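Me: Please take one part of this structure, the salt bridges within and between its chains, and go through it closely. I would like a connected account of where the partners sit and how open they are to the surroundings.

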Amino acid sequence: MPPTITPHQHLELYRSMVLTRAVETAIERSHRAGRISGSFHSSLGQESCAAGVCAALRSTDAVTSNHRGHGHALAKGVTADAVLAELYKKTHGTSGGRGASMHLHDRSVGFYGETAIVGGGIPWAAGVAWAKKRAGTDDIAVSFGGDGAFANGVFGESLRLAKFWEAPCLFVCENNGWAHSMPVEKMFGPPGSITAMVRAMGIQAEHVDGRDVRAVHECASELVQYIRREGRPAFLECVVYRVRAHSINDADYRYRPKDDGRQWLDANDPIEASRRELDRALPGRAAEVDREIDEIVRRAVERAEAGRTPTPADAFKTVYASEGLEWHGSVEVR
Amino acid sequence: MAVLKFAEAIRAALDHEMAEDPSVVLMGEEVGALGGVFTVTKGLIDKYGPERVMDSPIAEGALAGFAAGAATEGMRPVVEIMFSDFVMLAMDQLINFAAKIHYMSNGQFSVPAVVRLPGGAGTNHGPQHSQALESWFAQTPGLVVAMPSTPSDAYWMMRESIRLDDPVMFFENKNLYFTAGEDVDFTEGPRGMRAAVRREGADLTVVSAGRMSGMCLEAAATLEESGYSCEVVDMRYLWPLDLETVAASVKKTSKLAVVYEAVQYGGWGSEIAAWAARELFTDLDGPVHRVGAHRVPIPVGVSLEEAVIPTPATIHASLLELAKF
Ligand SMILES: Cc1ncc(C[n+]2csc(CCOP(=O)(O)OP(=O)(O)O)c2C)c(N)n1
Ligand SMILES: [Mg+2]
């Protein structure tokens with residue numbers, strides 16, 4: 001089916017992808033320069049999944065994510081400022097600078113957040129979706145997970161509960177070919193295999209080629225409409241590719257050819273594909289977006305560099321939510 | 001006011017909270033049609049319907065995450081884990097998510113959920129249905145750990161737990177469910193998560209919680225026959241830990257024993273003992289005693305089981321030795 005979205009919609013999808021690419025490229029630079037440290041899992045090359053899916057959502061829909069979640073956050077509307085500040089562990093970060101790359105949370109835009117436990121965010125989304133339906137809205141929740149997460153027990157259980165209790169939840173599987181050093185083909189079979197498993201559970205499930213952000217968006221939009229209308233869960237497998245090593249410190253040359261990711265990107269980059277298309281449909285506009293985003297990210301890095309580091313006392317805040325329990329630590333009562 | 005057994009008191013608390021707050025829902029295996037394997041939720045499905053008393057597929061891991069997730073969205077789920085031993089399957093969601101999401105999100109999300117955990121030995125259910133796991137949870141920042149010992153406390157602590165904005169691990173000892181009932185006052189009860197002095201005494205203090213509280217009272221009564229007067233403190237909550245009440249008691253008696261059903265090694269009672277050894281050093285006139293379970297799986301049968309966990313007799317022996325010190 002040929003894409004039906006307009007060039008202007010396409011440009012917005014492009015903007016979303018480029019924002020993630022620019023932020024993650026900046027993070028890589030800061031890492032290499034020794035300005036930041038800690039985990040960092042790049043979604044370079046697979047930005048189309050977050051962009052295409054999140055463009056089908058409202059700000060009141062909820063998204064949960066995984067360790068490779070910068071794109072999910074940015075596509076859902078978290079600012080580059082808040083993401084970069086969190087990576088720099090500064091107080092104006094999404095989590096006050098206490099979580100960094102794998103712990104982005106911004107409720108104000110419906111980005112409920114990442115989790116560093118593979119599969120951990122999946123039941124969260126199901127529970128939120130169910131509660132939203134109960135509250136009488138037609139808002140939904142979406143969980144993003146990697147292919148690796150779909151070997152996890154809690155994934156199967158979450159689908160079971162979401163189906164049984166009719167939670168309006170979209171489970172997105174970003175099949176990027178790898179779960180760290182484990183090839184997906186070896187674990188599950190060719191693309192679409194996970195979709196077939198889910199379909200066999202009686203859940204609406206589709207898979208889509210993630211190299212075309214428009215196809216992702218259209219497929220996601222249809223599923224989102226189905227979920228809102230029926231009040232039931234659905235599943236989307238988005239076939240992308242992990243271009244970078246698993247994490248910034250991962251020796252991926254031990255399990256795949258050194259330039260494997262680069263070669264894939266040269267031939268399949270979804271951003272390049274969109275740019276070629278947009279240069280025909282809306283000449284000059286893509287380059288304009290590139291410049292705008294460069295500027296946004298440049299400033300965000302500056303503000304992150306200049307931001308305030310939390311004080312030691314901040315480590316003891318918000319352990320508990322209840323009044324009277326907000327005290328900490330070892331038991332030092334006299 | 002009504003005379004209620006422990007199980008009935010929890011049911012009454014659930015009933016009253018559900019009547020007052022539509023966001024309170026029950027989830028768990030067999031909680032609806034059957035009314036719970038220990039009858040705690042019996043009849044609630046008739047009153048509140050399957051929308052609020054939700055029989056769950058056997059999927060503890062996702063259930064914990066689902067309930068905690070719904071809690072971040074404003075629901076107040078009370079989840080029953082049929083036997084506390086099965087909570088292992090839910091640990092990731094409870095420890096890595098429910099306990100920490102408030103902190104990880106810098107206060108943006110909270111998890112006002114209660115996890116009901118029928119636990120403890122004494123019912124011949126064997127090593128995978130009889131553990132006392134409360135120490136694990138008392139160790140985890142972000143969790144509240146409740147362990148009532150009387151019907152009245154079961155009622156009031158459940159109501160208090162449901163109203164908290166943090167996840168509560170609510171330990172219910174299976175042996176207590178159907179023991180003698182007591183008057184439960186529905187209009188007023190203890191608040192503020194403090195420990196309770198169950199018996200006043202002058203010569204030594206014994207601290208415990210849950211089922212062990214009753215055993216300590218028994219042991220204290222026997223000790224009286226030897227002329228020693230033992231104060232019995234029931235902690236009620238293992239976090240927050242009301243050490244002020246313990247300190248006040250020990251300042252009076254100068255001697256402290258800690259009794260708990262969990263494995264003695266590394267258990268919550270050890271924490272109180274270690275704390276007292278330093279903070280109450282000048283008040284103490286004897287070594288701090290601990291009576292906990294041996295580091296052995298819980299076997300079936302009275303002869304084996306009583307060899308492993310504290311009993312009124314072993315508690316009494318320890319208290320007598322301490323009293324004579
Ligand atoms: C429960 C758990 N097991 C293992 C890990 C370590 N780990 C982090 S990411 C990862 C691979 C995940 O693969 P996938 O879900 O496909 O996501 P991707 O990294 O490909 O985006 C592993 C094994 C973890 N964080 N959590
Ligand atoms: Mg993967």
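Reply: Asp242(B) is a buried residue, with a relative accessible area of 6%, and in this predicted model its carboxylate forms a salt bridge with Arg194(B), where the closest N and O atoms are 3.1 Å apart. The two partners come from distant parts of chain B, 48 residues apart, with Asp242(B) in the loop between strand E12 (237–239) and helix H9 (243–253), and Arg194(B) in the loop between strand E8 (182–184) and strand E9 (196–199). Arg194(B), at a relative accessible area of 37%, is partly exposed, whereas Asp242(B) at 6% counts as buried because the limit for that class is under 20%. In chain A, salt bridges with shared partners join Asp212(A), Arg214(A), Glu277(A) and Arg280(A) into one network.

Over all chains, a search of the whole structure finds 48 salt bridges. One of them is formed by Arg275(A) and Asp290(A), whose closest N and O atoms are 2.7 Å apart. Arg275(A) belongs to helix H11 (residues 270–281) of chain A and Asp290(A) to helix H12 (residues 285–306) of chain A, so this pair ties together parts that are 15 residues apart in sequence. Arg275(A) is partly exposed at 22% relative accessibility, while Asp290(A), at 18%, counts as buried. These two values fall on either side of the 20% limit, which is why the partners receive separate labels.

Helix H12 of chain A also holds a pair with another kind of spacing. Arg299(A) and Glu295(A) lie in this helix four residues apart, about one turn, and they form a salt bridge with the closest N and O atoms 3.1 Å apart. Arg299(A) is partly exposed, at 43% relative accessibility, and Glu295(A) is partly exposed as well, at 30%.

Salt bridges also connect the two domains of chain B, which are assigned as domain 1 (2–184) and domain 2 (196–324). Their C-alpha centres lie 26 Å apart, and the contact draws on 28 residues of domain 1 and 21 residues of domain 2. About 2000 Å² is buried between these domains, 55% of it on carbon and sulfur atoms. The count between them is two salt bridges, and the side chains of Asp153(B) and Arg198(B) meet in a salt bridge at 2.6 Å, N to O. There are also 14 residue pairs in polar contact between the two domains. On the side of domain 1 that touches domain 2, the elements giving two or more residues are helix H6 (134–138), strand E6 (144–146) and helix H7 (151–163) of chain B, and the largest share, four residues, comes from H7(B).

The interface of chain A and chain B can be described in the same terms. The contact takes 42 residues from chain A and 51 residues from chain B, and the area buried between the chains is about 4200 Å², of which carbon and sulfur atoms give 65%. Across this interface there are two salt bridges, and Lys132(A) forms a salt bridge with Glu73(B), the closest N and O atoms being 3.1 Å apart. The polar contacts across the interface come to 21 residue pairs. On the side of chain A that touches chain B, helix H5 (121–134) and helix H6 of chain A are the elements that give two or more residues, with the largest share, nine residues, coming from H5(A).

Ser158(A) offers a view of helix H6 of chain A, where it is placed. At 1% relative accessibility, Ser158(A) counts as buried, and a polar atom of its side chain lies 2.6 Å from the backbone oxygen of Val154(A). Leaving aside neighbours within four places in sequence, Ser158(A) is in contact with Ile122(A), Pro123(A) and Phe171(A), as well as with Ala62(B) from the other chain.

Conventions: Residues numbered from 1 in each chain as written. Chains lettered and ligands numbered in written order. Predicted model: local features only at pLDDT ≥ 70, side-chain atom pairs only at ≥ 80, totals over all residues. Heavy atoms only, no water. Domains from an automatic or database assignment. Contact = heavy atoms within 4.5 Å. Buried area = accessible area lost by both parts, 1.4 Å probe. Salt bridge = Lys/Arg side-chain N within 4 Å of Asp/Glu carboxyl O. Polar contact = N/O pair within 3.5 Å; in protein donor to acceptor, adjacent residues only side chain to side chain. Buried < 20%, exposed > 50% of the residue type's maximum accessible area, 1.4 Å probe, protein only.
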